[in-house]
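Please look over the sequence and the 3D structure shown below before reading on. The report then takes a few parts of the fold in turn, with each term explained where it is needed.

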Amino acid sequence: MVLPVFRNPPSVHATGGRYSHIAEASGASRWVHLAGQVGKRPDDTIPAAAGEQTEVAFANILALLAEVGMGPANIVKMVAYLVDAADIPAYREARMKALPAGISPATTLLVIAGLAAPAYKVEIEVVACD
């Protein structure tokens, strides 16, 4: 099994949070790209708060990774979309709960005008490898 190696070289600025500038995987590996996950539970309910939606989105991501025999350590890249910059602290708190210390994939966080449905406040895409 090949797990990604995360690096933050001194040749660029320090990261603004718990993520890495480089996520490198080499050798024969399997790549999994997850569709963007929103804060929608299996029973189709959607919490109102962005923090809760983020927790649900990460629960969905971890469940999908488990389906293919992977976990948080396999995540190479994440892209998160928020519809309100005021929700960034809640997103970061939920992310810290969902991903164990030492799991710092390359990450992009965008604040955008909207998602596929008005109730959605966060969407997270993940690429993983083993």
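What follows is a short report on a helix, a pocket, a buried arginine and the salt bridges of this model.

## About the model

This is a predicted model, in which local features need pLDDT of at least 70 and side-chain atom pairs count only at pLDDT 80 or more, while totals for chains, interfaces and linings use all residues. Residues are numbered from 1 along each chain as its sequence is written, and side-chain values use heavy atoms, with hydrogens and water left out.

## Helix α1

Helices and strands are DSSP runs numbered from the N terminus, a helix being a run of H or I with at least four residues and a strand a run of E with at least two. Helix α1 covers residues 50–67, and because each of its 18 residues should add 1.5 Å (the expected span is 1.5 Å times one less than the number of residues), a span of 26 Å is expected, which agrees with the 26 Å between its end C-alpha atoms. After α1 comes G69, whose phi is positive, near 75°.

Several residues of α1 are buried (under 20% relative accessible area, where exposed means over 50% and partly exposed lies in between, with a 1.4 Å probe and protein chains only), among them A50, V56, F58, I61 and L65. The cover over the buried residues of α1 includes β3 (31–38), β4 (75–82), α2 and β6 (122–129), where contact means heavy atoms within 4.5 Å.

## The largest pocket and R95

A pocket is found on a 1 Å grid over the protein atoms alone, as an open set of points where a 1.4 Å probe fits, with protein on both sides within 12 Å along at least five of seven lines, and its lining residues have an atom within 4 Å of a point. The largest pocket has a volume of about 190 Å³, the volume being the space filled by probe spheres set on grid points that are joined across faces, edges and corners. Its lining includes G16, R18, Y19, Y91, R95 and T107. The elements that give two or more residues to this lining are α2 and β5 (106–111), and α2 gives the most, with four residues.

R95 belongs to helix α2 (residues 88–98). Leaving aside residues up to four places away in sequence, R95 touches R18, Y19, F58, M78, P105 and T107. Although R95 is buried, it has no salt bridge, and the nearest side chain of opposite charge, E93, is 13 Å away. For charge, Lys and Arg count as positive and Asp and Glu as negative, while His and the chain ends are not counted.

## Salt bridges

Side chains of opposite charge can pair when their charged atoms come close. A salt bridge here is a side-chain nitrogen of Lys or Arg within 4 Å of a carboxyl oxygen of Asp or Glu, and the structure holds four of them. In one, R30 and D130 meet at 2.6 Å, N to O; R30 lies in the loop between β2 (22–24) and β3 and D130 in the segment after β6, so the pair ties together parts that are 100 residues apart in sequence. R30 counts as partly exposed because its relative accessibility is 34%, whereas D130, at 17%, counts as buried.

E55 forms another salt bridge with K97, with the closest N and O atoms 3.2 Å apart. Since E55 lies in helix α1 and K97 in helix α2, this pair ties together parts that are 42 residues apart in sequence. E55 is partly exposed at 38%, while K97 is exposed at 56%. Salt bridges that share partners join E55, E93 and K97 into one network.
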